[in-house]
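Colleague: I have not looked at this one before. Can you take me through it?
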Amino acid sequence: MGNKHRRAVIAIDGPAGSGKSTIARRLAERLGFTYIDTGAMYRAVALWAHRQNVSLTDMHRMEQLARAAAIELDPGGPAVRLNGVDVTEAIRAPEISASASIVGAIPGVRGALVEKQRAMAEAASVVMEGRDIGSVVFPKADVKIFLDADPAERVRRRVAETEDPPESIAGQLQQRDERDRNRAESPLVQAPDAVYIDSTGLTVAEVEEAILKVVRERLSNGKGFH
């Protein structure tokens, strides 16, 4: 990667509700990079499993689905296509959201989707967000951010998005955190060289500027990347 024009990878990890998706999308737009929502990829596999009546405990079949899935992400927005069909809204259904973290704990599924994620970064400079981007998917990412927020703030954000009862959201986030942090395959951890940013009490614009400052220091304003 010593050539004048090379691909850059900005990895943003963190727990659910920390603001990763919003920030990653805005950063990608500012930098002219491609935004990759890895969570949407796991949701897409979960959706396909539901539609095919495949048990989430059938790890072999789940891995087959993950490898066969043709997942397309709109570089500039939230649109997601699964096998040529727009599933942008379908993957946000509550039951799919709940299934996605279960699917994400299956080693074969993670392996299959990590291959797809790495292939995406071969095609363009990316801002990729998830749970293990800086620690596993791209351990040599140009910029690594671990975005966090206190539990109460994360619950508040989720309530604003879904209008579900706070108690229900709090329980869901706690379960998601435990599953993400304690799974055997690629658990949620802060990479040793990741910059920690606590977004509690910060506006989206303030978080964006804090990360952009890191990006500019590491990438010289993004010059030479495309």
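Modeller: We can go through the salt bridges and then one pair of packed helices. Bear in mind that this is a predicted model.

Colleague: Fine. How many salt bridges are there?

Modeller: The count comes to 15 salt bridges.

Colleague: Pick one. What does Arg30 form a salt bridge with?

Modeller: Its partner is Glu209, and the closest N and O atoms are 3.3 Å apart. The pair links distant parts of the chain, since Arg30 sits in helix H1 (residues 20–31) and Glu209 in helix H9 (residues 204–219), 179 residues apart.

Colleague: Is Arg30 buried, partly exposed or exposed?

Modeller: Arg30 is partly exposed, because its relative accessible area is 46% and the class runs between 20% and 50%. Glu209 also falls in that range, at 38% relative accessibility, so Glu209 counts as partly exposed.

Colleague: Which arginine besides that one forms a salt bridge with Glu209?

Modeller: Arg216 does, with the closest N and O atoms 3.9 Å apart. Arg216 is partly exposed, at a relative accessible area of 36%.

Colleague: Which residues make up the network there?

Modeller: Salt bridges link Arg26, Arg30, Glu208, Glu209 and Arg216 in a network.

Colleague: And Glu72, what does that side chain meet?

Modeller: The side chain of Glu72 meets that of Arg81 in a salt bridge, at 3.9 Å from N to O. Glu72 is partly exposed, with 38% relative accessible area. Arg81 counts as partly exposed at 28%.

Colleague: Now the helices. At what angle do H2 and H5 pack?

Modeller: Helix H2 (residues 38–51) and helix H5 (residues 107–123) pack at about 135°, and their axes are 11 Å apart.

Colleague: Why does that count as oblique?

Modeller: Angles over 145 degrees count as roughly antiparallel and 65 to 115 as roughly perpendicular, so about 135° falls between those classes and H2 and H5 are oblique to each other.

Colleague: Left-handed or right-handed crossing?

Modeller: The crossing of H2 past H5 is right-handed.

Colleague: Which residues make the contact?

Modeller: On the H2 side they are Thr38, Met41, Tyr42 and Val45. H5 brings Val109, Arg110, Leu113, Lys116, Gln117 and Met120.

Colleague: How does that contact split by class?

Modeller: Between H2 and H5, the contact has six nonpolar residues, two polar ones and two charged ones.

Definitions and conventions: Residues are numbered from 1 along each chain as its sequence is written. This is a predicted model: local features need pLDDT of at least 70, side-chain atom pairs count only at pLDDT 80 or more; totals for chains, interfaces and linings use all residues. Side-chain values use heavy atoms; hydrogens and water are left out. A salt bridge is a side-chain nitrogen of Lys or Arg within 4 Å of a carboxyl oxygen of Asp or Glu. Helices (H or I, at least four residues) and strands (E, at least two) are DSSP runs, numbered from the N terminus. Buried means under 20% relative accessible area, exposed over 50%, partly exposed in between (1.4 Å probe, protein chains only). Axes are lines fitted to C-alpha atoms, for helices over the stretch in contact, and angles run from 0 to 180 degrees between N-to-C directions. Angles under 35 degrees count as roughly parallel, over 145 as roughly antiparallel, 65 to 115 as roughly perpendicular and the rest as oblique. A crossing is left-handed if the near helix is turned anticlockwise from the far one by less than a right angle, and right-handed if clockwise. Contact means heavy atoms within 4.5 Å. Ala, Val, Leu, Ile, Met, Phe, Trp, Tyr, Cys and Pro count as nonpolar, Asp, Glu, Lys and Arg as charged, and the others, Gly among them, as polar.
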